[in-house]
Amino acid sequence: MTTTIDTPPSIGTAQPLKFVAPAKPVSDVGTSAWRVEEVQALFDLPFSELLHRAQTVHREQFDPGEVELATLLSVKTGGCPEDCGYCPQSVHFDTGLTAGKLMGVDAVREAAQRARQAGATRFCMGAAWRAPKDRDVDAVAELVRIVKAEGLEACATLGMLGEGHAEILRDAGLDYYNHNLDSAPDFYCEIITTRDYQDRLDTLARVRGAGVKVCCGGIVGMGESRLQRAALVAQLANLAPDYPESVPINHLVKVQGPPLADQPDLDPLEFVRTIAVARITMPRARVRLSAGRQQMSEAVQALCFLAGANSIFYGEKLLTTGNPDVAADMGLLNKLGLRPRHVSAD
């Protein structure tokens, strides 16, 4: 039995989507299909009620005192042909960024070692490609093997994957593949014109089909409405055959060059609401407090942890944008009585 996602008349999905959401056991709050208006109703709850519900769900699934530390490294920077309106790596915008080649094995090994020594358990590699070629996938597979040899979980985000690519990465030991939906379907064409929403869904299906875990989230603060934020969460929560194991919630990082550089700031409490709604609708996922933390106060980050975030990107840079340094992060976790997650290497 499958259930399609109901979209209110006010949301016009410009691009036809082919995925369906499976009917799932009632025992898991996040495994039944979520209608957009149901997700919006969560956003509209009084703030204290929303956080109470999110924290209750969080405690049912996770140790509330544990936070996963993940490090993100740009292994191939700049020169991307996509026109994502938020991205400094696009060739369409003048950001002063120089395109580089894929990093070598030794450099990635050293970065993975530093990440492990700093306490990270997951190492994510990003490459600014629209879609990697076969030789690119083979090269990244070698980097995955290097990361795994250091005892870290391996994640990669390389753009759209072709047939067989996910299997090559899986065989190299890749644990997670990141491919964000970015936004609700009806808002997508406002920020990206060089690919379709369905392209993203197709890559996610290839990743799932290969047995690789999915890391998939979105970006808020790009000018979308609350209803569109609800529609993004509904898309994530209703992905078939299951919602992502990792859900990064990114706050727009504004850099000069891309058209979203002058976008008004999102209310910080609206960002916290987004974290809470993601936690309620996807209980078993690790909800990652991702890009934009450098601009957040410690109080806002603390509220995000209370709302169910249990993963952060850890290190001084996220691809090309800044991030709180290691000492600042450890100081904040200590203040809040939180501790890093530890995993055993296979």
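**Figure 1. Asp44, a partly exposed loop residue**. At 46% relative accessibility, Asp44 falls in the partly exposed class, because that class lies between buried (under 20% relative accessible area) and exposed (over 50%), computed with a 1.4 Å probe on protein chains only. This is a predicted model, in which local features need pLDDT of at least 70, side-chain atom pairs count only at pLDDT 80 or more, and totals for chains, interfaces and linings use all residues. Residues are numbered from 1 along each chain as its sequence is written, and side-chain values use heavy atoms, with hydrogens and water left out. Asp44 sits in the loop that links helix H1 (36–43) to helix H2 (47–61); helices (H or I, at least four residues) and strands (E, at least two) are DSSP runs numbered from the N terminus. Setting aside neighbours within four places in sequence, Asp44 is in contact (heavy atoms within 4.5 Å) with Arg226 and Arg273. Arg273 is 229 residues away from Asp44 in sequence, yet their C-alpha atoms are 9.0 Å apart.

**Figure 2. Helix H1 packed against helix H9**. Here is the partner that carries Arg273. The axes of H1 and H9 (residues 268–281) are 9 Å apart and form an angle of about 130°; axes are lines fitted to C-alpha atoms, for helices over the stretch in contact, and angles run from 0 to 180 degrees between N-to-C directions. H1 is therefore oblique to H9, since angles under 35 degrees count as roughly parallel, over 145 as roughly antiparallel, 65 to 115 as roughly perpendicular and the rest as oblique. On the H1 side, Val39, Leu42 and Phe43 make the contact, and on the H9 side Glu270, Arg273, Thr274, Val277, Ile280 and Thr281. By class, these are five nonpolar, two polar and two charged residues, where Ala, Val, Leu, Ile, Met, Phe, Trp, Tyr, Cys and Pro count as nonpolar, Asp, Glu, Lys and Arg as charged, and the others, Gly among them, as polar.

**Figure 3. Helices H4 and H5 side by side in a roughly parallel pair**. The axes of H4 (residues 134–149) and H5 (residues 165–172) come within 8 Å and cross at roughly 20°, which means that the two helices are roughly parallel. H4 brings Asp134, Val137, Asp138, Val140, Ala141, Val144, Arg145 and Lys148 to the contact, while H5 brings His165, Ile168, Leu169 and Ala172. Seven of these residues are nonpolar, one is polar and four are charged.

**Figure 4. Ser246, a buried residue of strand E9**. Have a look at Ser246, which counts as buried at 1% relative accessibility. Its side chain is joined to that of Arg122 by a polar contact of 2.8 Å; such a contact is a pair of N or O atoms within 3.5 Å, and within protein one must be able to donate a hydrogen and the other to accept it, with residues adjacent in sequence counting only if both atoms are side-chain atoms. Beyond four places in sequence, the contacts of Ser246 also include Tyr176, Val214, Cys215, Cys216, Arg286 and Arg288.

**Figure 5. Two loops with backbone features to check**. In the loop between helix H8 (226–237) and strand E9 (246–251) lies Pro241, and the peptide bond from Ala240 to Pro241 is cis, with omega near 0°. Asp182, in the loop between strand E6 (176–178) and helix H6 (185–191), has a positive phi near 75° although it is not a glycine. At 2% relative accessibility, Asp182 counts as buried.
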